[in-house]
Amino acid sequence: MRKIVNYPVIATAHKNIVTVSSPNIPGMHTEGKTSLSALVNAIDAIEIMLEGEKAPDVMDVRDWQIKSNQIILFVPVRVDA
């Protein structure tokens, strides 16, 4: 059985791309030419990384430090229940 978990990610705006990473999912880094494509790529990357694995608990983002060109967003990811 699968469920949807909303994981936090950090989207970083650069001159020509948007990169996405997540301290909640170590090693997850992706990018896209637009914010939307970067977030879709992040959903795909997280789902692939967590396939067959126990989904980690969602981190509390209140203590995350971000820069002026960054934003914290939550992406819906299908994980094994």
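## Glu47 and Arg78

Glu47 and Arg78 form a salt bridge in which the closest N and O atoms are 3.1 Å apart. This contact joins distant parts of the chain, with Glu47 in helix α1 (residues 35-50) and Arg78 in strand β4, 31 residues apart. The model examined here is predicted.

The two partners fall into separate exposure classes. Glu47 has a relative accessibility of 12% and therefore counts as buried, the cut-off for that class being under 20%. Arg78, with a relative accessible area of 47%, is partly exposed.

## Asp80 and Arg2

Strand β4 also holds a residue of another pair: Asp80 forms a salt bridge with Arg2, and the closest N and O atoms lie 3.0 Å apart. Here too distant parts of the chain are linked, since Asp80 belongs to strand β4 (residues 70-80) and Arg2 to strand β1 (residues 2-13), 78 residues apart.

Asp80 is partly exposed at a relative accessible area of 29%. Arg2 is likewise partly exposed, its relative accessibility being 44%.

## Asp60 and Arg62

A salt bridge also connects the side chains of Asp60 and Arg62, with an N to O distance of 2.6 Å. Asp60 has a relative accessibility of 43% and is classed as partly exposed. For Arg62 the relative accessible area is 71%, so this residue is exposed, the class beginning over 50%.

## Whole structure

How many salt bridges does a search of the whole structure find? The search returns 3. Among the residues involved are the buried Glu47 and the exposed Arg62.

Notes:
Residues are numbered from 1 along each chain as its sequence is written. This is a predicted model: local features need pLDDT of at least 70, side-chain atom pairs count only at pLDDT 80 or more; totals for chains, interfaces and linings use all residues. Side-chain values use heavy atoms; hydrogens and water are left out. A salt bridge is a side-chain nitrogen of Lys or Arg within 4 Å of a carboxyl oxygen of Asp or Glu. Helices (H or I, at least four residues) and strands (E, at least two) are DSSP runs, numbered from the N terminus. Buried means under 20% relative accessible area, exposed over 50%, partly exposed in between (1.4 Å probe, protein chains only).
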